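This briefing goes through a single protein chain topic by topic, from its overall make-up to individual side-chain pairs. Please keep the sequence and the coordinates at hand while reading.

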Amino acid sequence: MRKEQTVLIFIVTYFAFILCGFAENVIQPKAPIKQFRIPSFGDNGYIRWVLRGEEGIYRNAEDVSVSGMALRIYSSDERKLLQLSMDSPQAEIEIGTSRAFSEAPIEITGSNFEMSGTGWKWLGDERSIEVKRASKVVFAQGLAATFGLFDPDKNAASALTTILSDRLRLHMQANRYEFEFSGQVTVRSGESLLRCGLLKATAEMPSSNGNAV
């Protein structure tokens, strides 16, 4: 009788391991997921961000490695405005904490600027992005005068403004972008040129645009 009980316990244990392994594979798929889309909503029910990728591999239940990342950041309120677009060939995404990081290049587009660099970190709850190396931001026409960087009589207001820096931190408020450039900073607008070690600037964020969800 004891021998039969031992055999029965062994069989039950064996199948338990099989079922646990199956459940783990269901929750944490190891096979790549092609052309996926993951949205995130705030406590108020409005869209916060949408992650798209050409291919994704789950590291665990919350972390996914993404190839061909396209991350879209929204206003998280009734306006449902697209405030930022982020594209990178590779990224590690922490879905549960709304974070992402990579050593790959990044291209970022806001309502009135285009930005690029290499090596980056996104903190969704803090609504901030850090670019580690070789950052470049091209602002829309006329923003140089808004920044107060150049004398208007040098026609800086009518030219595109390009800012190069070693590092960059971008923080999004409800109605504006806040930039902090550091390291070797070079600002060019038309024929005007400025060099410094630290520069802070803000750009207004439109209250509405044509890119609402």
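Are Trp 49 and Trp 122 buried or exposed? Both Trp 49 and Trp 122 are buried, and their pairing is taken up below under the aromatic rings. The model is a predicted one, and the values that follow are computed from its atoms.

**Overall make-up**

- The chain contains two helices and 11 strands, and when it is read along the sequence these elements follow the pattern α-β-β-β-β-β-β-β-α-β-β-β-β.
- Of the 213 residues in the chain, 39% are buried.
- The exposed area of the chain comes to about 12200 Å², of which carbon and sulfur atoms supply 53%.
- Among the contacts with a separation of 6 or more, 48% are accounted for by residues that stand 24 or more positions apart.

**Aromatic rings**

- A pair of aromatic rings is described by the distance of the centres and the angle of the planes.
- The count of aromatic pairs comes to seven, and one of them joins Trp 49 and Trp 122, whose ring centres are 5.9 Å apart and whose planes stand at 90°, so that the pair is edge-to-face.
- Because Trp 49 belongs to strand E2 (residues 47-58) and Trp 122 to strand E6 (residues 113-123), this pair ties together parts that are 73 residues apart in sequence.
- Phe 139 and Phe 179 also form an edge-to-face pair, with 5.1 Å from centre to centre and 85° between the planes.
- Since Phe 139 lies in strand E7 and Phe 179 in strand E10, the pair ties together parts that are 40 residues apart in sequence.
- Phe 139 has a relative accessibility of 0% and therefore counts as buried, and Phe 179, at 3%, counts as buried as well.
- Phe 139 and Phe 179 both belong to one aromatic cluster, which is formed by Phe 113, Phe 139, Tyr 177, Phe 179 and Phe 181.

**Salt bridges**

- Side chains of opposite charge can pair when their charged atoms come close.
- The count of salt bridges in the chain comes to eight, and among them is the one between Asp 87 and Arg 72, in which the closest N and O atoms are 3.3 Å apart.
- This pair links distant parts of the chain, with Asp 87 in strand E4 (residues 82-94) and Arg 72 in strand E3 (residues 63-74), 15 residues apart.
- Asp 87 is partly exposed at 29% relative accessibility, whereas Arg 72, with a relative accessible area of 19%, is buried because the cut-off for that class is under 20%.
- In the salt bridge between Arg 79 and Asp 77, the closest N and O atoms are 3.0 Å apart; here Arg 79 is partly exposed, with a relative accessible area of 23%, while Asp 77 counts as buried at 17%.
- Lys 132 and Glu 103 meet through their side chains in a salt bridge of 2.6 Å, taken from N to O.
- Lys 132 is placed in strand E7 (residues 128-139) and Glu 103 in strand E5 (residues 99-109), so this salt bridge ties together parts that are 29 residues apart in sequence.
- Lys 132, at 39% relative accessibility, counts as partly exposed, and Glu 103 is likewise partly exposed, with a relative accessible area of 46%.
- Salt bridges with shared partners join Glu 103, Lys 132 and Arg 133 into one network.

**Two local environments**

- Ser 40 is part of strand E1 (residues 33-41) and is buried, with a relative accessible area of 10%.
- Apart from neighbours within four places in sequence, Ser 40 is in contact with Tyr 46, Ile 47, Arg 48, Trp 49 and Ser 98, and one of these, Trp 49, is a member of the edge-to-face pair with Trp 122.
- Asn 175 sits in the loop between strand E9 (167-172) and strand E10 (176-189), where its relative accessibility of 43% makes it count as partly exposed.
- From C-alpha to C-alpha, Asn 175 and Pro 206 are 7.0 Å apart in space, although 31 residues apart in sequence.
- With neighbours within four places in sequence left aside, Asn 175 is in contact with Arg 79, Glu 204 and Met 205, and among these Arg 79 is the residue that forms a salt bridge with Asp 77.

Notes:
Residues are numbered from 1 along each chain as its sequence is written. This is a predicted model: local features need pLDDT of at least 70, side-chain atom pairs count only at pLDDT 80 or more; totals for chains, interfaces and linings use all residues. Side-chain values use heavy atoms; hydrogens and water are left out. A salt bridge is a side-chain nitrogen of Lys or Arg within 4 Å of a carboxyl oxygen of Asp or Glu. Helices (H or I, at least four residues) and strands (E, at least two) are DSSP runs, numbered from the N terminus. Buried means under 20% relative accessible area, exposed over 50%, partly exposed in between (1.4 Å probe, protein chains only). Contact means heavy atoms within 4.5 Å. Accessible areas come from the Shrake-Rupley method with a 1.4 Å probe; for residues, only the protein chains shown count as cover. Rings of Phe, Tyr and Trp (its six-membered ring) pair if their centres lie within 6.5 Å; planes under 30 degrees apart count as stacked, over 60 as edge-to-face and the rest as tilted.
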